[in-house]
Number of protein chains: 2
Amino acid sequence: MPDTDLPLYFRLFNEIGIVDQLGRARFEKRLPQGVTVSHFSVLNHLMRVEDGRTPLELARAFQVPKTTVSHWLTGLDTLGFVNLRPNPNDRRSKQVWLTEAGRAFRDKAIADLAPDLARVKDVMDPDEVADLVARLERLRIWLDTNR
Amino acid sequence: MPDTDLPLYFRLFNEIGIVDQLGRARFEKRLPQGVTVSHFSVLNHLMRVEDGRTPLELARAFQVPKTTVSHWLTGLDTLGFVNLRPNPNDRRSKQVWLTEAGRAFRDKAIADLAPDLARVKDVMDPDEVADLVARLERLRIWLDTNR
DNA sequence: TGATTTTGATACGATACCGTACTAAATAAT
DNA sequence: ATTATTTAGTACGGTATCGTATCAAAATCA
């Protein structure tokens with residue numbers, strides 16, 4: 001790889017970092033006090049993939065240490081958005097189930113945030129976003145696989 | 001398994017978040033103990049843009065609270081990578097200057113990280129990365145402006 | 001079978017980051 | 001010129017995340 005390309009790959013992660021920074025801040029500001037973007041992401045994941053996941057599965061999915069997931073789940077439990085039940089298949093383990101309140105919160109959060117998020121259309125139309133998402137997904141999968 | 005369930009614009013920030021997560025973890029793992037990705041980014045910025053920047057300029061560039069920059073700079077100062085000197089133009093302010101050790105560290109870090117970073121080429125060639133960077137930059141500027 | 005290793009989860013402590021409140025200096029207003 | 005407002009930086013406290021150590025339950029093995 002030519003030297004001239006190198007800074008480019010650094011810049012890629014640099015830009016991603018700043019966009020994430022801005023996106024998270026924007027998001028968090030519009031979520032109710034005490035609910036983090038991580039909380040929202042977990043609820044989202046549980047609805048998308050399906051609930052009953054174990055903490056460890058979540059840690060793998062989000063690529064964070066399992067202690068972090070523990071912290072998320074105690075928060076979500078306190079908020080009344082999930083229930084932690086013993087895992088019938090493995091008595092060391094647990095399963096995370098969404099409550100009605102959790103599902104409702106997630107749906108409302110999406111509804112509340114969507115209008116603001118849709119403003120991104122001003123700078124990038126859906127086709128382009130779809131393309132961007134596809135490329136990022138490819139990159140994500142590679143990073144995940146080749147660790 | 002694209003999350004067709006999740007609105008497109010949510011998926012965008014979701015993917016960006018995960019890629020950032022993976023990228024940061026990957027970087028951090030290869031940096032010496034006590035040096036964070038943030039530290040590296042600041043050194044990088046100071047060499048790219050040029051040193052003598054004020055803390056507030058850095059906060060704006062990275063879109064983080066100024067208290068966070070304060071924290072970064074005390075760390076970098078302790079590491080001996082920057083010097084904080086009074087700003088001759090404004091006695092409330094400071095200027096951040098790179099030390100020789102700071103420059104050397106940054107250069108070595110880049111040299112050390114480059115081979116791994118180059119592997120990303122397996123999944124995305126420079127042209128595509130350049131395109132991706134341009135789009136993310138456009139998105140970043142919009143997010144920054146329309147807050 | 002009993003002993004050893006591995007695995008899922010948490011307790012605990014460290015730290016990175018953020019928000020609020022404060023000080024000092026610059027700028028604006030009167 | 002005096003006062004009021006804004007601005008640059010930091011101290012301090014809170015919290016999200018992470019690493020290490022620990023415990024209990026599998027899984028492996030001898």
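Student: In this predicted model, which residue forms a salt bridge with A:Glu128?

Tutor: The model is predicted, and side-chain atom pairs count only at pLDDT 80 or more. Between chain A and chain B the count is nine salt bridges. In the one that involves A:Glu128, the closest N and O atoms are 2.3 Å apart. The partner is B:Arg138.

Student: How many residue pairs are in polar contact across the interface of chain A and chain B?

Tutor: The interface of chain A and chain B holds nine salt bridges, among them A:Glu128 with B:Arg138. For polar contacts, both residues must be at pLDDT 80 or more. Under that condition the rule finds 15 residue pairs.

Student: Which helix supplies the largest share of the side of chain A that touches chain B?

Tutor: Helices H1 (6-30), H2 (37-49), H5 (100-118) and H6 (126-145) of chain A each give at least two residues to the side facing chain B. The largest share amounts to 19 residues. That share comes from H1(A).

Student: On the side of chain A that touches chain B, how many residues are nonpolar?

Tutor: This side of chain A has seven polar and 19 charged residues. The remaining class is the nonpolar one, with 32 residues.

Student: What area do chain A and chain B bury between them?

Tutor: In terms of contacts, 58 residues of chain A meet 59 residues of chain B. Carbon and sulfur atoms carry 71% of the buried area. The total that the two chains bury is about 6,300 Å².

Student: Which three residues supply more than any other three of the area that chain A buries against chain B?

Tutor: The share of these three is 12% of the area that chain A buries against chain B. They are A:Tyr9, A:Phe10 and A:Trp142.

Student: Within chain A, how far apart are the C-alpha centres of domain 1 and domain 2?

Tutor: The domain assignment of chain A gives domain 1 as 1-30 and domain 2 as 34-145. Eight residues of domain 1 of chain A are in contact with eleven residues of domain 2 of chain A. The two domains of chain A bury about 860 Å² between them, 69% of it on carbon and sulfur atoms. Their C-alpha centres lie 21 Å apart.

Student: Which residue forms a salt bridge with A:Asp116?

Tutor: Two salt bridges are found across the interface of domain 1 of chain A and domain 2 of chain A. For A:Asp116, the closest N and O atoms of its salt bridge are 3.4 Å apart. The partner of A:Asp116 is A:Arg30.

Student: How many charged residues are on the side of domain 1 of chain A that touches domain 2 of chain A?

Tutor: That side of domain 1 of chain A has four nonpolar residues and no polar ones. Its charged residues number four.

Student: Which atom of DNA strand D lies 2.7 Å from a polar side-chain atom of B:Lys66?

Tutor: DNA strand D is surrounded by 23 residues, including A:Trp72 and B:Arg92. Of the strand D atoms within 4 Å of the protein, 65% are sugar and phosphate. A:Thr68 has a polar side-chain atom 2.7 Å from a phosphate oxygen of strand D, and a polar backbone atom of A:Arg91 is 3.2 Å from a phosphate oxygen of that strand. For B:Lys66, the atom is a base nitrogen.

Student: Which element gives the largest share of the surface near DNA strand D?

Tutor: The surface near DNA strand D divides into five nonpolar, ten polar and eight charged residues. The largest share is four residues, and it comes from H4(A).

Student: How far is a base nitrogen of DNA strand C from an N or O atom in the side chain of A:Lys66?

Tutor: Around DNA strand C there are 21 residues, with A:Ser70, A:Arg92, A:Lys94, B:Thr68 and B:Trp72 coming nearest. The side chain of B:Thr67 has an N or O atom 3.4 Å from a base nitrogen of strand C, while a polar side-chain atom of A:Gln21 lies 3.4 Å from a phosphate oxygen of that strand. For A:Lys66, the distance to a base nitrogen of strand C is 2.9 Å.

Student: Which element gives the most to the surface near DNA strand C?

Tutor: By class, the surface near DNA strand C has five nonpolar, nine polar and seven charged residues. The leading element gives four residues. That element is H4(B).

Technical notes: Residues are numbered from 1 along each chain as its sequence is written. Chains are lettered from A and ligands numbered from 1 in the order in which they are written. This is a predicted model: local features need pLDDT of at least 70, side-chain atom pairs count only at pLDDT 80 or more; totals for chains, interfaces and linings use all residues. Side-chain values use heavy atoms; hydrogens and water are left out. Domain bounds come from an automatic or database domain assignment. Contact means heavy atoms within 4.5 Å. Buried area is the accessible area (1.4 Å probe) that two parts lose on being put together, summed over both. A salt bridge is a side-chain nitrogen of Lys or Arg within 4 Å of a carboxyl oxygen of Asp or Glu. Ala, Val, Leu, Ile, Met, Phe, Trp, Tyr, Cys and Pro count as nonpolar, Asp, Glu, Lys and Arg as charged, and the others, Gly among them, as polar. A residue is near a molecule or strand if one of its heavy atoms lies within 4 Å of it. A polar contact is a pair of N or O atoms within 3.5 Å; within protein, one must be able to donate a hydrogen and the other to accept it, and residues adjacent in sequence count only if both atoms are side-chain atoms.
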